[in-house]
Amino acid sequence: GRTAVKMMFQKSPQGRDSRENELIWGSVCLAEGMDMETACRYAVAASGISVTRKGVLDAIPYRKEIVL
């Protein structure tokens, strides 16, 4: 079946990078075989961390920083 996921984005200068981080982490998790819901949870958690940091590459969190 299909799983619908609704994501809300806060408008901020880092917003675009935040969405890109979500795509990166979501894709990594799906490639590792996680189910869609868990992959989305990781992606959203990573996005939440990334908007608190400056820069693009420095904003991407390490896996150990993502707590579900």
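# Exercises on a two-helix chain

The chain folds with two helices and zero strands as its secondary structure, and the model examined here is a predicted one. Of its 68 residues, 28% count as buried. About 5,100 Å² of the chain is exposed, with carbon and sulfur atoms supplying 56% of that area.

## Exercise 1: the core

Determine which residues make up the largest nonpolar core, and which elements give two or more residues to it.

Solution. Begin with the membership: the largest nonpolar core has eight residues in all, namely Trp25, Cys29, Ala39, Tyr42, Ala43, Ala46, Ile49 and Ile66. Next, assign them to elements: α1 (15–31) and α2 (36–50) are the elements that give two or more residues to this core, and the largest share, five residues, comes from α2. As a general background, nonpolar side chains in soluble globular proteins tend to be buried together. Finally, take one core member in detail: leaving out residues up to four places away in sequence, Ala43 touches Glu22, Trp25 and Gly26.

## Exercise 2: helix α2

Describe the span of α2, its buried residues and the polar contact at its start.

Solution. First, the span: α2 has 15 residues and reaches 21 Å from its first C-alpha to its last, which is close to the 21 Å expected at 1.5 Å a residue. Second, the buried residues of this helix are Ala39, Cys40, Tyr42, Ala43, Ala46, Ser47, Ile49 and Ser50. Third, at the start of the helix, a side-chain oxygen of Asp35 comes to within 3.2 Å of the backbone nitrogen of Glu37.

## Exercise 3: the aromatic pair

Classify the geometry of the ring pair formed by Trp25 and Tyr42, and state which helices the two residues lie in.

Solution. The count of aromatic pairs comes to one. The ring centres of Trp25 and Tyr42 are 6.5 Å apart and the planes stand at 20 degrees, so the pair is stacked, given that planes under 30 degrees apart count as stacked. Trp25 lies in helix α1 and Tyr42 in helix α2, so the pair ties together parts that are 17 residues apart in sequence. As for accessibility, Trp25 is buried because its relative accessible area is 9%, and Tyr42, at 15% relative accessibility, also counts as buried, the cut-off being under 20%.

## Exercise 4: the segment after α2

Work out how Arg63 and Leu68 are placed, which are both found in the segment after α2.

Solution. Take Arg63 before Leu68. With a relative accessible area of 32%, Arg63 is partly exposed. The C-alpha atoms of Arg63 and Tyr42 are separated by 8.9 Å, although the two residues are 21 residues apart along the chain. Setting aside neighbours within four places in sequence, Arg63 is in contact with Trp25, Val28, Glu32, Met34 and Tyr42, and a polar contact of 2.9 Å joins its side chain to that of Glu32.

Now turn to Leu68, which is exposed, with a relative accessible area of 58%. Its C-alpha atom is separated by 8.8 Å from that of Thr38, and the two residues are 30 residues apart along the chain. With neighbours within four places again set aside, Leu68 is in contact with Thr38, Arg41, Tyr42 and Ala45. Tyr42 is therefore listed among the contacts of Arg63 and of Leu68, where contact means heavy atoms within 4.5 Å.

## Exercise 5: separation along the chain and in space

Find where Ser27 lies, and how far it is from Cys40 in sequence and in space.

Solution. Ser27 has its place in helix α1 and is partly exposed, with a relative accessible area of 48%. Ser27 and Cys40 are 13 residues apart in sequence, and their C-alpha atoms are 9.3 Å apart in space. For the chain as a whole, among contacts between residues at least 6 apart in sequence, 49% join residues at least 24 apart.

Notes. Residues are numbered from 1 along each chain as its sequence is written. This is a predicted model: local features need pLDDT of at least 70, side-chain atom pairs count only at pLDDT 80 or more; totals for chains, interfaces and linings use all residues. Side-chain values use heavy atoms; hydrogens and water are left out. Helices (H or I, at least four residues) and strands (E, at least two) are DSSP runs, numbered from the N terminus. Buried means under 20% relative accessible area, exposed over 50%, partly exposed in between (1.4 Å probe, protein chains only). Accessible areas come from the Shrake-Rupley method with a 1.4 Å probe; for residues, only the protein chains shown count as cover. A nonpolar core is a set of buried Ala, Val, Leu, Ile, Met, Phe, Trp, Tyr and Cys residues joined through side-chain atoms within 4.5 Å. The expected span of a helix is 1.5 Å times one less than its number of residues. A polar contact is a pair of N or O atoms within 3.5 Å; within protein, one must be able to donate a hydrogen and the other to accept it, and residues adjacent in sequence count only if both atoms are side-chain atoms. Rings of Phe, Tyr and Trp (its six-membered ring) pair if their centres lie within 6.5 Å; planes under 30 degrees apart count as stacked, over 60 as edge-to-face and the rest as tilted.
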